[in-house]
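I opened my notebook for a look through this structure, and I am jotting down what I looked up as I go. Here it is for you to follow along.

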Amino acid sequence: MWQATFSEADDRPALCDDDFVTSTWIEPASTATALLLLGRGTDPASERGVDCPGDLPAPSDPDLVARATAAKAALGDRVFVLGHHYQRDEVIQFADVTGDSFKLAQQAAARPDAEFILFCGVHFMAESADILTTPDQKVILPDLAAGCSMADMAVLGQVETAWERFEDLGITGEIVPVTYMNSSADIKGFVGRNKGVVCTSSNAKRALDWSFEQGSKVFFLPDQHLGRNTAVLEMGFDLDDCVLYDPHKPGGGLTDDQLRNARMILWRGHCSVHGRFTLESVREVRERVPGVNVLVHPECRHEVVRAADYVGSTEYIIKALDAAEPGSSWAVGTELNLVRRMALAHPDKQIMFLDRAVCYCSTMNRIDLPHLVWALEELVAGRVPNQITVDPDTAHHARVALDQMLALP
C-alpha cells in the first residue's frame, strides 16, 4: 500500500476556532452541514448511487439482544457468525469474527465443522463464502436485499458484450481480466473462465503485476478507482494508459484505437460511499483541523487519493488508527460505521469523517439486529432462511480466479 504526501501541508492555515476538534466522538446534528443520514437528503455533486435512499431503521428493541444471545447459544458450534467491518455495532457484537470481505470468506472456509455460516455483510460476500466452503455447509444472508451497488454495476451480460468487442478487435489474447473482490459470483466466474484473477484492495498491485506478466493489457472490473489508483500511483502508469469502458454507451464509448493502445481498460463502476469524498473534502478538513492526517480507502476518486496522506484497505485503515500517536488527528474517508467505531475505540485520538456529509452503506445497513435475530431463531426452529448458493459451474470458475489470487507471490 502506498503513502501519499501533501505538498502544501506546511502552508495549511491555522484556525483559532477549534469548535470542531475534539478527542471524543460527537454524533453530528441534523443540520445542513451534518451527515446525510439515510433518507435525509441527496448530494447531486456526488457520483451516481449516493443519494442514500430509504430510512435507517430505528434502534432495535433491547429485548432482541437477549433473544439473539439465547438463539446463538442454543445453536452453539453449529453456527459461525461473520461480521463485516461496515456493520452496525448492534450486529458486530454477535460476530465470531470481524473483517473485510475476503478475510471473512477465508474464515468461513476455515470452519468446515460449522453447519451454518451466518454472513452479516452483503450478497457478493456471502457468494464468496459459499464458493470457498464445503458443499455440506449452508451460507445464510439475514436480508436478501443487502446487496452492493458497485457489484451491481458490472452485469455478466454487459461484461460479455465488452469481451465480444475485444474479440472483434483481436486483442483478447493480450488482455487479462481482473475483478475486485467486490463483484458478483458471475463476474468472478467470467474472470476464471478467461484465465484472470480476483484481487482485494490490499493485493491489487500484486494481482496487476501478475497480470502484466501474462499479457499486455488488463480489463479491470468493476471499480474504476481502485484500478486507476493502483496502476498510476503504485505502478507508475500514466493516466493516459487508462481508458474507461462505459457499458451504457455504444462500444463502451471508446474507439478501436483507444482500446488497442490502452494498458488498463477500466469498467465504469465505483463505490457509492467512497465515491462521495471529494478534493474539496480534503482541503476543507486541512483548513479546519491543522495538522490532520488524511487517511482514505483506494476506492476513493483519484484526486482524493493523491491529496491524502495515507491510503489503504479497510484493514490498513484500522491498523493505522490503532497505531496512531495519542493526541493525533485523523480524517478518515471510508464508511461511517467503521469510522465511528474507531473513534469510540480511541478517545485519546481525534478521529473524524473526512467529509461532514457522507452516507452509510445503505445496503450493508440492511443487516440489523431484527434480521439477525430472525435468522438465528429460524435456524433454532430447524428452518434454513435466505440460503445463498452459487451454481456449480460458476462456482468452479470463480474458485479458479480466487485460487489464482491465493497463489500470487
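Before starting, I settled one term: contact here means heavy atoms within 4.5 Å. I also kept in mind that this is a predicted model.

**Entry 1: the annotated positions**

I began with the UniProt record, an unreviewed entry. Its "binding site" annotation covers His84, Ser101, Tyr180, Met181, Asn182, Ser201, His297, Pro298, Glu299 and Thr314. I picked three of these to look up: Asn182, His297 and Pro298.

**Entry 2: Asn182**

I found Asn182 in the loop between β5 (175-180) and α7 (185-193). Is Asn182 buried or exposed? Its relative accessible area is 13%, and buried means under 20%, so Asn182 is buried. Setting aside residues up to four places away in sequence, I listed what Asn182 touches: Ser101, Phe124, Met150, Ala151, Pro222 and Glu299. Ser101 and Glu299 also appear in the "binding site" annotation from UniProt.

**Entry 3: His297 and Pro298**

Next I went to the loop between β10 and α12, where His297 sits. His297 has 2% relative accessibility and therefore counts as buried. I then checked its contacts beyond four places in sequence; among them are Tyr86, Tyr180, Ser201, His274, Thr314 and Gly333. Pro298 is in the loop between β10 and α12 (302-307). Pro298 counts as buried because its relative accessibility is 0%. How far apart are the C-alpha atoms of Pro298 and His274? I noted 8.6 Å, for two residues 24 apart along the chain.

**Entry 4: the sheet that holds β10**

I followed β10 into its sheet. This is an open sheet of four strands with parallel pairing, in the order β11-β10-β12-β13. At the edges are β11 (310-311) and β13 (350-353), each pairing on one side only. Strand β10 (residues 293-296) pairs with β11 over two bridges, and Tyr310 in β11 is the bridge partner of Leu295. Helix α13 (residues 314-323) packs on this sheet and touches β10, β11, β12 and β13, its direction making about 155 degrees with that of β10. I also traced helix α11 (residues 279-288), which lies across β10, β12 (329-333) and β13 and runs at about 150 degrees to β10.

**Entry 5: helix α3**

Ser101 took me to helix α3 (residues 101-109), whose buried residues are Ser101, Phe102, Leu104, Ala105 and Ala108. They cover an arc of only 160 degrees around the axis, so they are on the same side of α3. What covers them includes β1 (79-84), β2 (97-99), β3 (116-120), α4 (123-132) and α16. At the start of α3, I found a side-chain oxygen of Asp100 within 2.9 Å of the backbone nitrogen of Lys103.

**Entry 6: Thr394 in α16**

Since α16 is part of that cover, I looked up one of its residues. Thr394 is in helix α16 (residues 392-406). Thr394 counts as buried because its relative accessibility is 9%. Beyond its neighbours within four places in sequence, Thr394 is in contact with Ala185, Asp186 and Gly189.

**Entry 7: helix α9**

Last, I checked helix α9 (residues 224-234), which is mostly covered, with nine of its eleven residues buried. The buried residues include Gln224, His225, Arg228 and Asn229. Asp223 caps the N-terminal end, with a side-chain oxygen 3.2 Å from the backbone nitrogen of His225. Just after α9, I noted that Gly236 takes a positive phi of about 80 degrees.

How values were computed. Residues are numbered from 1 along each chain as its sequence is written. This is a predicted model: local features need pLDDT of at least 70, side-chain atom pairs count only at pLDDT 80 or more; totals for chains, interfaces and linings use all residues. Side-chain values use heavy atoms; hydrogens and water are left out. Two strands pair if DSSP finds at least two bridges between them. Axes are lines fitted to C-alpha atoms, for helices over the stretch in contact, and angles run from 0 to 180 degrees between N-to-C directions. Buried means under 20% relative accessible area, exposed over 50%, partly exposed in between (1.4 Å probe, protein chains only). The arc is that of the directions from the helix axis to the C-beta atoms. A polar contact is a pair of N or O atoms within 3.5 Å; within protein, one must be able to donate a hydrogen and the other to accept it, and residues adjacent in sequence count only if both atoms are side-chain atoms. UniProt positions are given in the numbering used here, feature names are shortened, and annotations may be inferred rather than shown by experiment.
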